Amino acid sequence: MIMKTISTQDLSYITIEVANKRGVYSVAFNLDGLTLASDRDNTVQLWNVATGQEVKMKQTFWVDIAGNFTANINSVAFSPDGRMIAGGIAERETICIWDAATGGQLRAIREETTNALHWVNTVAFSADSKILASGSEDGNLYLWDVATGRKMKTLTENTANIFSVVFSWEGKTLASGSDQTIQLWDTATGELLKALTGHTDWVRSVAFSPDEQTLVSGSQDKTVRLWDTTTGQHLKTLTGHTSVVWSVAFSPDGRTLASGSADKTIRLWNTATGEQRAILTGHTAPIRSIAFSPDGVTLASGSEDSTIRLWDLTSPMLLQKD
């Protein structure tokens, strides 16, 4: 198989210019795939996926922490029921939850313990939208009751940085990426099920396959790795990126995985073989976040170049045989 390097000149795509000082750190699709959420400094913005135009809201997704509107948003997540958006905030152990239909803030959650000293890197909803997981810069990993904002469980506290969290599709397992380790947790009991080791630097992103049998991880060691979630066995190491792999994601059919890197490229991989299908180029700064649309037709990427790009995965350039 001949690997294709595909630029934005070759592929049908939409570029969204985001007036964001530090770039776009996080993108997330709604369940219907028609709307994309992204961070913009201290707000969330919604975008029409078909047109790339901003969706105007009644309110503006402000980060309101006791009247403080200045904190940046590190991570955004749509609830699976489509009703809420959560943001991990660059403030001491703080999360905001907004109404996705109006943009109004529903609640701000803040952990007040003495070792909650740093910002929240990552948030993720459970499949039933009732639990929110958060991981922070100071290694705190918590489960929260979405309806009340009450902390349900502490999984780790004051350990290594937690950069990424994700629930399995059924919600029974939570994966977290931290130093050189991925940890799998039982969400009902808070028990540590497995620790997956093999990366040689920070694990920046983790994602479950749709059948929950495989976990993918992206690391500061420039590699993408695949793991068997039942046994914890390391299955494959995918190489090619020349800098930090900030974000990884499985396609909805599980056949393709994507990785976005500080090397300014997105790579598409055949999950079964580990072969690279394509390299997508066009961003001019590190790519911080990628996400597949629920139908698998579109890939969204957010970058420090202050753009979001929507890639058409049905393009003949990707589908043609080599």
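This is a tour of one protein chain, with a selection to make at each stop.

The model is predicted, so local features need pLDDT of at least 70 and side-chain atom pairs count only at pLDDT 80 or more, while totals for chains, interfaces and linings use all residues. Residues are numbered from 1 along each chain as its sequence is written, and side-chain values use heavy atoms, with hydrogens and water left out.

**Whole chain**

Select the whole protein chain and show it as a cartoon. The chain has 1 helix and 28 strands. The radius of gyration is 18 Å, close to the 20 Å that the globule rule gives for 322 residues, so the chain is as compact as a globular protein of that length. That radius is taken over C-alpha atoms, and the rule is 2.2 Å times the number of residues to the power 0.38. Helices (H or I, at least four residues) and strands (E, at least two) are DSSP runs, numbered from the N terminus.

Along the principal axes, the C-alpha atoms fill a box of roughly 55 × 45 × 30 Å. Of the 322 residues, 58% are buried. Buried means under 20% relative accessible area, exposed means over 50%, and partly exposed lies in between (1.4 Å probe, protein chains only).

Now show the surface. About 13,000 Å² is exposed, and carbon and sulfur atoms supply 49% of it. Accessible areas come from the Shrake-Rupley method with a 1.4 Å probe; for residues, only the protein chains shown count as cover.

Return to the cartoon for contacts (heavy atoms within 4.5 Å). Among contacts between residues at least 6 apart in sequence, 46% join residues at least 24 apart.

**Strands 4 and 5**

Select residues 35-40, which are strand 4, and residues 43-48, which are strand 5. The two strands pair in the antiparallel sense over 6 bridges. Two strands count as paired if DSSP finds at least two bridges between them. Leucine 36 stands opposite tryptophan 47 in strand 5. The strands form a hairpin with 2 residues between them, and aspartate 41 in the turn has a positive phi of about 55°. Strand 5 is mostly covered, with 5 of its 6 residues buried.

**Strands 22 and 23**

Next, select residues 245-250, strand 22, and residues 256-261, strand 23. These strands run antiparallel and are joined by 5 bridges. Valine 245 stands opposite serine 261 in strand 23. Their hairpin has 5 residues between the strands, and there glycine 254 takes a positive phi near 75°. In strand 22, 6 of the 6 residues are buried, so the strand is largely enclosed by the rest of the structure.

**Three loop residues**

Select lysine 21, in the loop between strand 2 (13-17) and strand 3 (27-29). Is lysine 21 buried or exposed? Its relative accessible area is 81%, so lysine 21 is exposed. Add glutamate 304 to the selection: the two residues are 283 apart in sequence and 8.8 Å apart in space, C-alpha to C-alpha.

Move to lysine 222, in the loop between strand 19 (214-219) and strand 20 (224-228). Lysine 222 has a positive phi of about 80° although it is not a glycine. At 41% relative accessibility, lysine 222 counts as partly exposed.

End at serine 306, in the loop between strand 27 (298-303) and strand 28 (307-312). Its phi is near 65°, a positive value in a residue other than glycine. Serine 306 is buried, with a relative accessible area of 14%.
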